[in-house]
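Student: Got a minute to go through a structure with me? I'd like the pocket, some rings and a sheet.

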Amino acid sequence: MSEADAEMDDDPEHEEADTGGGGDDPIPIGVKLGSTRTVITVPEDDGFRTVKTLTCLATYEDVITGEEKVLYGEEAATEYPDRVQYTLRSGLPEDESRAELTSTFFEEVIDANDVPENSAVVYAIPTIDNERGLANLESVIEGSSIGEALIRSYPESLCGSVPAMGDGLEAVDDIFVTVNLGSTNLEASAYRRGEQLIPFTTGAVTGNEVDRMIANYVEEETQGRVNIDTTTAREYKEAHADFVDFEPFTDVIQQPGGGSHEFTIERSVMDAVDEYVDDAVEEIANAFLPELANDYIKVYQLALDRPIVLTGGMACIPGIVEEFEERLSEELQRDVEAVAPDEPAESAAVGAQRIAERLVAADAY
């Protein structure tokens with residue numbers, strides 16, 4: 001994966017050397033290695049098979065042989081919460097040890113889900129100014145057993161926008177703004193026919209911070225009687241956050257020394273996600289869009305006449321698209337439309353797979 005691979009003005013018809021995938025065409029695959037979840041999209045029959053798992057692993061020793069064994073994803077998080085490791089907590093593997101852990105995790109996922117080696121793989125990668133982390137991610141990608149025919153990478157924000165803008169690759173031929181509401185970063189970019197303009201990233205407004213806020217607010221709402229970890233807070237957010245039809249919910253914790261305590265959450269989850277939307281709108285309206293208007297005024301004008309595409313895990317919250325649209329319109333004092341793909345958490349891998357499919361069709365391997 002070269003720096004040029006990550007540029008969106010690459011010609012998707014560009015010829016690359018044949019890596020000898022055999023007589024059969026390689027399978028076009030899309031991959032998103034995410035800080036919270038990893039998603040792989042593989043064509044199968046007349047549809048697609050989607051592999052989705054938490055980006056984490058835990059190791060344990062076989063009590064018979066003494067061999068080290070690996071669990072990944074939900075199984076690891078559930079059975080070994082005391083030592084499970086999320087390998088991409090910052091969005092990228094920060095050092096060689098994290099890169100090795102990520103490689104181990106990725107190979108376990110590949111093996112367990114029969115992801116074909118004879119494949120053309122497109123990776124959706126985050127827009128983060130971190131050369132070391134990107135180099136470590138490159139080592140994970142290039143060292144994996146898949147992608148024998150082709151490995152390419154494109155910005156996650158573009159890949160995630162593809163399913164929101166049509167059934168093909170309409171996004172690559174359009175002018176628009178996209179906002180990725182991710183776990184570790186808030187990202188925004190403008191795209192002009194596939195060319196990425198003014199990439200913007202901030203770690204100040206994140207899904208992970210929402211989880212921390214929920215944990216703090218739960219403690220406050222229960223007058224200190226309940227303390228939850230950020231994993232439980234994330235589960236509350238994913239199960240209950242809803243701008244359209246939120247309902248208070250109850251849970252039960254075990255008390256030290258025996259017994260249990262049932263409690264009801266009425267405000268904590270929605271207070272946290274409500275603040276998140278305000279903060280995200282503030283960053284987009286007062287940091288990203290002014291810079292875009294200053295450098296590319298025509299693109300700014302054209303893009304805001306089109307829907308802004310919201311992607312990323314936080315975009316899964318029911319009603320958040322409409323809330324973002326309304327609040328950004330108020331902030332800019334003009335009507336703004338926002339849209340999101342049907343499955344925002346999976347859209348980057350789906351878009352990457354469509355790009356891979358185009359590359360295979362063009363024999364660009």
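Tutor: We'll take the pocket, a few single residues, the aromatic pairs and a sheet in turn.

Student: What should I know about the model and the numbering?

Tutor: This is a predicted model: local features need pLDDT of at least 70, side-chain atom pairs count only at pLDDT 80 or more, and totals for chains, interfaces and linings use all residues. Residues are numbered from 1 along each chain as its sequence is written, and side-chain values use heavy atoms, with hydrogens and water left out.

Student: Okay, pocket. What volume does the largest pocket have?

Tutor: About 700 Å³. A pocket here is an open set of points on a 1 Å grid over the protein atoms alone where a 1.4 Å probe fits, with protein on both sides within 12 Å along at least five of seven lines. Grid points are joined across faces, edges and corners, and the volume is the space filled by probe spheres set on the points.

Student: How many residues line the largest pocket, and which lie nearest its centre?

Tutor: The lining has 43 residues. Ser183, Gly312, Gly313, Met314 and Ala345 lie nearest the centre. A lining residue has an atom within 4 Å of a point.

Student: Which element gives the largest share of that lining?

Tutor: α6, with 5 residues. Other elements supply at least two residues each, including β1 (27-33), β9 (175-181) and α10 (347-361). Helices (H or I, at least four residues) and strands (E, at least two) are DSSP runs, numbered from the N terminus.

Student: And the lining by class?

Tutor: 14 nonpolar, 17 polar and 12 charged. Ala, Val, Leu, Ile, Met, Phe, Trp, Tyr, Cys and Pro count as nonpolar, Asp, Glu, Lys and Arg as charged, and the others, Gly among them, as polar.

Student: New topic. Where is Asp95?

Tutor: In the loop between β6 (85-86) and α2 (96-112). Asp95 is partly exposed, at 28% relative accessible area. The cut-offs are under 20% for buried, over 50% for exposed and partly exposed in between, with a 1.4 Å probe and protein chains only.

Student: Which residues is Asp95 in contact with?

Tutor: Arg132 and Asn136, leaving aside neighbours within four places in sequence. Contact means heavy atoms within 4.5 Å.

Student: So what about Asn136: buried or exposed?

Tutor: Buried, with a relative accessible area of 11%. Asn136 is in helix α3 (residues 131-143). Not counting residues up to four places away in sequence, it touches Pro93, Glu94, Asp95, Glu96 and Ala99.

Student: Rings next. How many aromatic pairs?

Tutor: The count is 6. Phe106 and Tyr123 form an edge-to-face pair, 6.3 Å centre to centre with 65 degrees between the planes. Rings of Phe, Tyr and Trp (its six-membered ring) pair if their centres lie within 6.5 Å; planes under 30 degrees apart count as stacked, over 60 as edge-to-face and the rest as tilted.

Student: Where do Phe106 and Tyr123 sit?

Tutor: Phe106 is in helix α2 and Tyr123 in strand β7 (residues 119-125), 17 residues apart, so the pair links distant parts of the chain. Both are buried.

Student: Why is the pair of Tyr236 and Phe249 edge-to-face?

Tutor: Because the ring planes stand at 70 degrees; the centres are 5.0 Å apart. Tyr236 belongs to helix α6 and Phe249 to strand β12 (residues 249-254). Tyr236 is buried at 6% relative accessibility, and Phe249 is buried at 8%.

Student: Backbone oddities? Which phi does Arg193 have?

Tutor: Positive, about 50 degrees, although Arg193 is not a glycine. Arg193 lies in the loop between β10 (186-192) and β11 (195-202). At 58% relative accessibility, Arg193 is exposed.

Student: And Ile198: buried or exposed?

Tutor: Buried, at 12% relative accessible area. Ile198 lies in strand β11. Its phi is also positive, near 50 degrees.

Student: Last one, the sheet. What is the order of the 3 strands?

Tutor: β5-β4-β6, in an open sheet with antiparallel pairing. β5 (68-72) and β6 are at the edges with a single partner strand each, so one side of each has no neighbour in the sheet. Two strands pair if DSSP finds at least two bridges between them.

Student: How many bridges join β4 to β5?

Tutor: 5. Ala58 stands opposite Leu71 in β5. Strand β4 (residues 56-61) pairs with β6 over 2 bridges, and Leu57 has Gln85 in β6 as its bridge partner.
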